[in-house]
Amino acid sequence: MQKHQSLTEMSPRQRWSSKLPESHSEKKKKKKRMKQQRKHGKSPVLCIGEEQPKNCFTELQVLKGHFDIVRFLVQIDDFRFASAGDDGLVLVWSVETGERLQELRGHSQQITAISTVSCGDGFTSLITASSDRSLSLWDPDTGNRVQTISDLQSSVKCLLVLERLSVWLSGGEELCVWDKDFQLLCHRQKHSDTGIAALVELPKNCVAVAVDKEIVIYRLTVSSDSSMLLDEVTRCSDHHDQIRALINVNDRTFASGSHAGELILWDSANFRNVAYEHILWEESQPSSQTEIRLAAPKPSEMSIQHLTSNGRLILAAVGSGLYVYDVVTKAVVAYRRAAHDSNVLHTMLLSDGELMSCSEDGSVRMWEIQDLPLAAEPASAGFFGMWTFGRSSKQPGPQSKKVLEIPNLRTLELTGDLIGHSGAVQMFLSFREKGLVTCSTDHLLILWKDGERQSRLRSQALFQKLEENGGL
């Protein structure tokens, strides 16, 4: 099969100043944004120099094959991943060589969700959902479509595989439970006009389903006649606005984030609200009083687009900013109000001290949690709101909050800026030392590599070849 990639090896100085060609529309948007920034006396959010010693990604490989926006990346195994997007294609790639291994064709419209499912004996399949109101099961080794379900009542927005029950769920206007042979086991009818936004697995065969402003908890049980039942347990109704993100934190906790900037932690056993945070971006006005008045922020500045967790920390993408919250101490660890020039779309915690984010502005950035300088002024609750425990009051309208000093607050220091895409970076996928994959609205994927590691591998391959040929 023909390879669709080009490898560019660059010095650090060349790499940081390089960028793939921008389209005319992208250039106009960028020029307009810079003009607005100059008009309001603002400079671009952050600028890191050419010397980035903590950024190992000094080589990049451009992967071509899609013809529209690439929205999804999913890891198949330690050596392969799949990409999918608005062109209806699913492409399987090698992370080591960048070679396109398979092209999965079958959907007539954009892909809306993708997931892997284990089929036993170490074999992994792909499940895809599309706007053409169909679901498909694929063999990534051969590229064949094994199963397909068409003529669904609505398109599926999210997928969840429950390996221990050997079933998987699809969420759209209705919630459906399927076995691995693509047979419908049970379903629940229409869930509001907005449909199901996210699904998360919980202990004791429960699932959390984000529907508009609510989280509906269901329990899967097997009846006496061996049929699968989907019973509603409770509804969590503490959000004021539509839920945009839903994640598992650990075995005891899950979290949700809303369009209004609300971050809520939930107990996975009793489904109670254990921590509630309303993230607001307002600064305090100069005043001798100890209170600040909160004005209504713009929705784009406070919406939680993405949440991720490593079990101890939660990283929230809020507008163009980033927040790190410690689940154990129930305290804000660090934040960066303007981490990007535009909305942050995807995040990842690399460790307790390192993280990564990508944005609509086309950048992928690496961060390190560092101590604030001693001369730094104490942060106030105006940046974060106040952490409260128990059920939220849901009182209409903003309220005044007292200024609080947040002890042990740290900052996010920019350590790397990966410049390569000319459009919004939708998400990324890390293969640790093998590299990092990003996808974008520019129809491209970029495989970022550790330059020093790649150089060592090339040297090893060269010496091995010389030994096989009997030396020079």
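Modeller: Let's start with one term: a residue is buried when its relative accessible area is under 20%. This is a predicted model, and buried residues make up 50% of the 472 residues in the protein chain.

Biologist: Fine. How many helices and strands are there in the chain?

Modeller: The protein chain has 5 helices and 35 strands. Its accessible surface comes to about 23000 Å², and 48% of that belongs to carbon and sulfur atoms.

Biologist: What share of the contacts joins residues at least 24 apart in sequence?

Modeller: Among contacts between residues at least 6 apart, the share is 53%.

Biologist: On to charges. Why is the E368 and K54 pair called a salt bridge?

Modeller: The N to O distance between the side chains of E368 and K54 is 2.7 Å. The cut-off is 4 Å, so the name applies.

Biologist: What makes that pair a link between separate parts of the chain?

Modeller: E368 sits in strand β30 (residues 363-371), while K54 is in the loop between α2 (24-39) and β2 (57-63), so the salt bridge ties together parts 314 residues apart in sequence.

Biologist: Which label does each partner get, E368 and K54?

Modeller: E368 has a relative accessible area of 17%, which is under the 20% limit, so E368 counts as buried. K54 comes out at 48%; that falls between 20% and 50%, so K54 is partly exposed.

Biologist: What makes R71 and D86 a salt bridge as well?

Modeller: Their closest N and O atoms are 2.7 Å apart. This pair links distant parts of the chain too: R71 is in strand β3 (residues 70-75) and D86 in the loop between β4 (80-85) and β5 (90-94), 15 residues apart. D86 is buried at 17% relative accessible area, whereas R71 is partly exposed at 29%.

Biologist: How do you know that D371 and R410 belong on the list?

Modeller: Their side chains come to 2.9 Å, N to O, and the limit is 4 Å, so they qualify.

Biologist: Where do D371 and R410 lie?

Modeller: D371 is in strand β30 and R410 in strand β32 (residues 410-419), so their salt bridge ties together parts 39 residues apart in sequence.

Biologist: Why is D371 called exposed, and R410 partly exposed?

Modeller: D371 has a relative accessible area of 57%, and anything over 50% counts as exposed, so the label fits. R410, at 30%, is partly exposed. Besides these pairs, salt bridges that share partners join D77, R80 and D141 into one network. Altogether the structure holds 14 salt bridges.

Biologist: Now the strands. Why is β27 described as largely enclosed?

Modeller: Of the 6 residues in strand β27 (residues 331-336), 5 are buried, so the rest of the structure largely encloses this strand.

Biologist: What makes β26 and β27 a pair?

Modeller: Strand β26 (residues 321-326) meets β27 over 5 bridges, in the antiparallel sense. At least two bridges are needed, so they pair. One facing position is D326, opposite A331 in β27. The two strands form a hairpin with 4 residues between them, and K330 in the turn has a positive phi of about 50°.

Biologist: How do you know that β27 and β32 pair?

Modeller: They share 2 bridges, in the parallel sense; the rule asks for at least two, so that is enough. A334 has R410 in β32 as its bridge partner.

Biologist: How many aromatic pairs are there?

Modeller: The count is 5. One of them, W168 with F182, is tilted, at 4.9 Å centre to centre with 50° between the planes.

Biologist: Why is the W168 and F182 pair called tilted?

Modeller: The limit on ring centres is 6.5 Å, and planes that are neither under 30 degrees nor over 60 degrees apart count as tilted, so 4.9 Å and 50° fit. W168 and F182 are both buried. F254 and W266 form a stacked pair, with 6.2 Å between centres and 15° between planes. F254 is in strand β20 (residues 253-258) and W266 in strand β21 (residues 262-267), so that pair ties together parts 12 residues apart in sequence.

Biologist: Are F254 and W266 buried or exposed?

Modeller: Both are buried. As for W168 and F182, ring pairs link them with W178 into a cluster.

Conventions. Residues numbered from 1 in each chain as written. Predicted model: local features only at pLDDT ≥ 70, side-chain atom pairs only at ≥ 80, totals over all residues. Heavy atoms only, no water. Buried < 20%, exposed > 50% of the residue type's maximum accessible area, 1.4 Å probe, protein only. Phe/Tyr/Trp six-rings, centres within 6.5 Å; stacked < 30°, edge-to-face > 60°. Contact = heavy atoms within 4.5 Å. Areas by Shrake-Rupley, 256 points an atom, 1.4 Å probe, with all protein chains shown as cover.
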